[in-house]
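I opened a new page for this one and wanted to work through two helices and how they sit together. Here is what I looked up, in order.

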Amino acid sequence: MISPKLFTACLEMVMKKINWRSSVNINGEQLSHLRFADDIVLIAESTNQVQSMLRRLDKKSSQVGLKMNRCKMKYMRSDVLRKARIMVAGEEIEEVEQYFYLGQEVNMRQGLNGELS
């Protein structure tokens with residue numbers, strides 16, 4: 001098993017090697033992703049951008065021996081985007097309407113019902 005510090009160093013190196021071409025303006029900040037330990041959220045304006053970002057992340061991480069846990073991979077889109085298939089290494093990623101990131105429910109409804117209950 002890889003030590004947490006070595007894992008973090010490897011993942012940091014991978015993320016620095018990826019030159020994200022897309023980002024989204026959120027409150028004046030250009031963001032392409034969020035990270036905490038091994039939890040990564042990719043942020044893009046289109047499903048094509050997400051597909052490209054996933055391919056690059058998969059390729060760069062596999063070059064240093066890291067694998068994405070495809071069982072935990074999900075994607076969520078806003079209603080302005082058409083439904084599309086997102087694939088990584090030939091496997092389709094499940095689309096969800098909400099998910100939990102760092103213990104907090106994230107959804108596109110801007111609702112807090114799940115968190116409040």
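Before looking, I wrote down the term I would need: a crossing is left-handed if the near helix is turned anticlockwise from the far one by less than a right angle, and right-handed if clockwise. I also noted that this is a predicted model.

**Entry 1: helix H1**

I started with H1, which covers residues 4-17 and has 14 residues. From first C-alpha to last I get 20 Å, close to the 20 Å expected at 1.5 Å a residue.

Which residues of H1 are buried? My list reads Cys10, Leu11, Val14 and Met15. Looking down the axis of H1, I see these buried residues fall within an arc of 135°, so they line one face of the helix. I then checked the face turned away from the buried side, and there I found the exposed residues Lys5, Lys16 and Lys17.

Next I asked what the buried residues of H1 pack against. I noted strand S3 (33-36), strand S4 (39-42) and helix H2 (47-63).

**Entry 2: helix H2**

I moved on to H2, with its 17 residues. H2 reaches 24 Å from its first C-alpha to its last, close to the 24 Å expected at 1.5 Å a residue.

For the buried residues of H2 I wrote Thr47, Val50, Gln51, Met53, Leu54, Leu57, Asp58 and Ser61. Down the axis of H2 they fall within an arc of 165°, so here too I can say they line one face of the helix. On the other side of H2 I have Asn48, Arg55, Lys59 and Gln63 as exposed. The buried residues of H2 pack against H1, S4 and strand S6 (87-88).

I also looked just past the helix: H2 is followed by Gly65, whose phi is positive, near 90°.

**Entry 3: a closer look at Gln51**

Gln51 lies in H2, and I wondered whether to call Gln51 buried or exposed. Its relative accessibility is 14%, and the cut-off for buried is under 20%, so Gln51 counts as buried. Leaving out residues up to four places away in sequence, I found Gln51 touching Arg85, Ile86, Met87 and Val88.

**Entry 4: how H1 and H2 meet**

At what angle do H1 and H2 pack? I get about 135°, with the axes 9 Å apart. That makes H1 oblique to H2. As for the term I wrote down at the start, the crossing of H1 and H2 is right-handed.

Last, I looked up the residues where the two helices meet: Val14, Met15 and Lys17 in H1 meet Leu57, Lys60 and Ser61 in H2.

Conventions. Residues numbered from 1 in each chain as written. Predicted model: local features only at pLDDT ≥ 70, side-chain atom pairs only at ≥ 80, totals over all residues. Heavy atoms only, no water. Helix = DSSP H or I, 4+ residues; strand = E, 2+ residues; numbered from the N terminus. Expected span 1.5 Å × (residues − 1). Buried < 20%, exposed > 50% of the residue type's maximum accessible area, 1.4 Å probe, protein only. Arc of directions from axis to C-beta. Contact = heavy atoms within 4.5 Å. Axes fitted to C-alpha atoms, helices over the stretch in contact; angles between N-to-C directions. Parallel < 35°, antiparallel > 145°, perpendicular 65-115°, else oblique.
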